[in-house]
Amino acid sequence: MGNRKGHQTDINLPGREYPSAVREENLLDDPLQAVNDGPEAGDEAHERRIAWWREARLGLFIHWGPYALPAGEWNGEEVKASYSEHIMLRARIPVQAYEEMAERFNPTAFDAGRWVRTAKRAGLKYIIFTAKHHDGFAMYDSRISDYSIVRHTPFGRDPLKELAEACREEGLVFGIYYSHAMDWHDPDSQGNTWDYPGNIGAYDEVESWIHDEDKRSRFDQYLHRKSLPQVRELLTEYGKVGLMWFDCGGKLTREQGEAFLTTVHALQQDCLVNSRVWKSPLGDYANTSDNQLETRAVRRDWENIITLNDSWGYKKSDANWKRPDAIIRQIIDVVSKNGNLVINVGPTATGEWDPVSESILLEVGEWLQANGESIYGAGASPTAKPSWGRCTLKGRTLYLHIYDRPADGQLVVPGLLSRVERIYPLAGGEDLAFRRQGAQDIVVFLDDGLQIPDGKPVVLAVLCAEAVQGNPVRLLMDGPGSPPMYELGVFESEISGSALRYDTGKKNRDNLLDWSDPADFAFWNIRTSGPCTFTASLVYGCGADGGGSYRLEASAPGQTLRQKVEPTGGPYEFREFEAGILHFPDAGEYRIELHAERIEGAYLMQPRQLRLTPAAKSFI
Ligand code: GLC
């Protein structure tokens with residue numbers, strides 16, 4: 001799997017690329033560590049705990065707390081923060097004022113059964129509910145602190161208990177989110193420096209307080225006085241908890257993170273713990289960053305988390321909704337890499353889901369109703385990533401998720417070595433004709449009825465006669481059946497070197513960065529099914545502080561292209577530049593490498609994508 005030497009992938013960077021405003025926006029979101037080693041494959045307790053989760057694949061996050069009341073506005077003004085649950089931090093609301101606001105929280109329309117049934121209709125198999133977020137307010141009846149929905153509000157009910165019971169009734173797994181490191185209400189925790197100026201700041205690294213006796217010991221007191229005891233309550237008073245989802249564990253020392261892990265397992269052996277309890281490799285599985293779109297699976301078990309708009313908590317002004325078809329593709333993409341996807345809803349202060357969130361989720365649920373077989377309990381396929389979509393696998397069935405229907409109706413399934421028995425549309429319909437093309441590929445003949453309605457992928461099931469064998473190397477063709485263009489993203493490339501690394505994978509951050517060492521390079525392995533020729537172009541961003549020249553090198557005779565890096569107006573202003581023609585003389589496997597020839601600024605450029613246009617198409 002290429003060279004991983006010292007690389008941290010997908011991290012949220014401190015440092016030069018992100019102005020502090022951007023960093024603050026993403027701050028309380030733990031980076032994914034490029035650690036490949038989670039629990040050992042032979043760890044029986046882990047295997048037993050995680051079995052339901054691998055089957056479930058999809059979960060619902062519920063971010064609900066008093067922050068639903070201001071819903072992103074304070075004193076009549078919109079607070080500059082995309083996450084509404086961070087309002088206390090971002091508007092520096094004094095504890096007393098936040099307490100007064102929370103006293104008015106009275107969500108009388110809350111109906112746990114209705115929430116859980118909607119989650120079920122949406123095809124989601126587990127729920128993660130915020131028992132306490134960074135604001136320190138307990139959404140359950142805590143005996144450790146009176147600062148809770150039961151004792152601090154007129155509502156007086158325990159929604160966590162009601163949700164746990166509703167999940168049990170409906171057969172969903174119940175999970176609990178608990179912000180263990182940060183608590184803006186507590187005088188000894190982290191984050192609130194406006195009421196408690198001597199405290200650890202929300203953006204402070206562990207290194208900044210670990211040698212400070214006062215900060216360290218008071219924080220430790222908070223952990224032992226409130227955080228760990230509340231975790232114990234949650235694991236003893238609400239029945240079986242399937243998952244404890246901790247947050248911002250990067251703000252703890254490893255020992256502190258381990259204390260939470262041990263506490264959970266001492267009380268409930270079979271309860272899963274996510275990696276944000278500290279950071280990977282701790283926990284049963286790794287989390288990505290929030291809303292990370294491009295992901296590289298670095299651990300066997302991992303989970304991606306997305307919002308429906310831009311906020312986790314309910315936010316009045318946020319209408320930046322994701323489309324149901326985009327969410328469906330994200331589900332497929334994640335499962336095609338063996339991951340789980342958790343989708344969030346932020347209920348309102350009355351205790352209801354806003355109608356837009358509900359309708360998006362139900363639309364996703366309709367697709368899952370017909371196609372869920374390709375998602376639940378499914379995982380990565382050993383075959384190659386196709387240009388028209390993705391593949392998932394379960395048993396000896398391969399599922400083809402078609403995002404883009406090939407113009408000629410001939411769908412090439414790349415790298416499928418096993419014998420195929422039959423191919424049929426999962427949502428119903430006639431078997432499809434197919435034939436083998438060469439030793440490694442299959443061509444399926446799509447009938448005209450198979451279209452992609454509203455961008456929602458059509459799924460074909462390919463039943464194989466034996467365990468599915470595949471070649472994962474991406475297939476490029478030039479001629480009949482080839483798409484108008486192949487896009488090879490840098491997250492699909494392997495990187496080699498000391499400085500070059502993957503960006504966060506969030507929106508518009510799907511590039512490589514820190515290309516300051518000329519010895520570093522990125523490469524893609526590809527396979528061709530015959531002689532072929534492509535026009536190659538590179539998409540990258542480069543500010544005034546970067547520049548130089550690069551070299552694209554294919555492992556075929558004489559295939560080296562050299563180009564000067566052009567400024568694009570900024571490292572994240574991506575533009576496409578033609579590099580030249582690449583020719584592959586025969587069917588076979590090749591490697592395409594992207595090297596620095598000369599670095600003239602602080603970095604060469606930030607590459608995002610290699611585009612290859614088949615020559616046959618470019619002459620049309
Ligand atoms: C981040 C945010 C938090 C949200 C969580 C969900 O840690 O701080 O508000 O709960 O991500 O992934």
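**View 1. Burial and overall build of the protein.** Buried residues account for 61% of the 620 residues in this protein, which is shown here as a predicted model. Its secondary structure comprises 13 helices and 32 strands. The radius of gyration is 25 Å, close to the 25 Å that the globule rule gives for 620 residues, so the protein is as compact as a globular protein of that length. Measured out along the principal axes, the C-alpha trace spans about 75 × 60 × 50 Å.

**View 2. Surface and contacts of the whole chain.** Here we stay with the full protein a little longer. The exposed area comes to about 23,300 Å², and carbon and sulfur atoms supply 48% of it. Among contacts with a separation of 6 or more, 73% join residues 24 or more positions apart.

**View 3. An open antiparallel sheet of 5 strands.** Follow the strands across this sheet and you meet them in the order E13-E14-E15-E20-E17, with antiparallel pairing. Strand E13 (379-380) and strand E17 (420-425) are the edge strands, each pairing on one side only. Helix H11 (residues 324-335) packs on the sheet, where it touches E13, strand E14 (389-394) and E15. The direction of H11 makes about 55° with that of E14.

**View 4. The pairing of E15 with E20.** Zooming in on the same sheet, we come to strand E15 (residues 397-402) and strand E20 (residues 458-464), which run antiparallel and are joined by 6 bridges. To find your place in this pair, look for Thr 397, which stands opposite Leu 463 in E20. As a reminder, strands of a sheet pair through backbone hydrogen bonds, either parallel or antiparallel.

**View 5. Strand E19 and its partner E16.** Strand E19 (residues 441-445) is mostly covered, with 4 of its 5 residues buried. Strand E16 (residues 410-413) runs antiparallel to E19, and 4 bridges join the two. Val 412 faces a valine across this pairing: its opposite number in E19 is Val 443.

**View 6. The hairpin of E18 and E19.** E19 also pairs with strand E18 (residues 433-437), in the antiparallel sense and over 5 bridges. A handy landmark is Arg 436, whose bridge partner in E19 is Ile 442. E18 and E19 form a hairpin with 3 residues between them. Look in the turn for Gly 438, which has a positive phi of about 70°.

Key. Residues are numbered from 1 along each chain as its sequence is written. This is a predicted model: local features need pLDDT of at least 70, side-chain atom pairs count only at pLDDT 80 or more; totals for chains, interfaces and linings use all residues. Side-chain values use heavy atoms; hydrogens and water are left out. Two strands pair if DSSP finds at least two bridges between them. Contact means heavy atoms within 4.5 Å. Axes are lines fitted to C-alpha atoms, for helices over the stretch in contact, and angles run from 0 to 180 degrees between N-to-C directions. Buried means under 20% relative accessible area, exposed over 50%, partly exposed in between (1.4 Å probe, protein chains only). The radius of gyration is taken over C-alpha atoms; the globule rule is 2.2 Å times the number of residues to the power 0.38. Accessible areas come from the Shrake-Rupley method with a 1.4 Å probe; for residues, only the protein chains shown count as cover.
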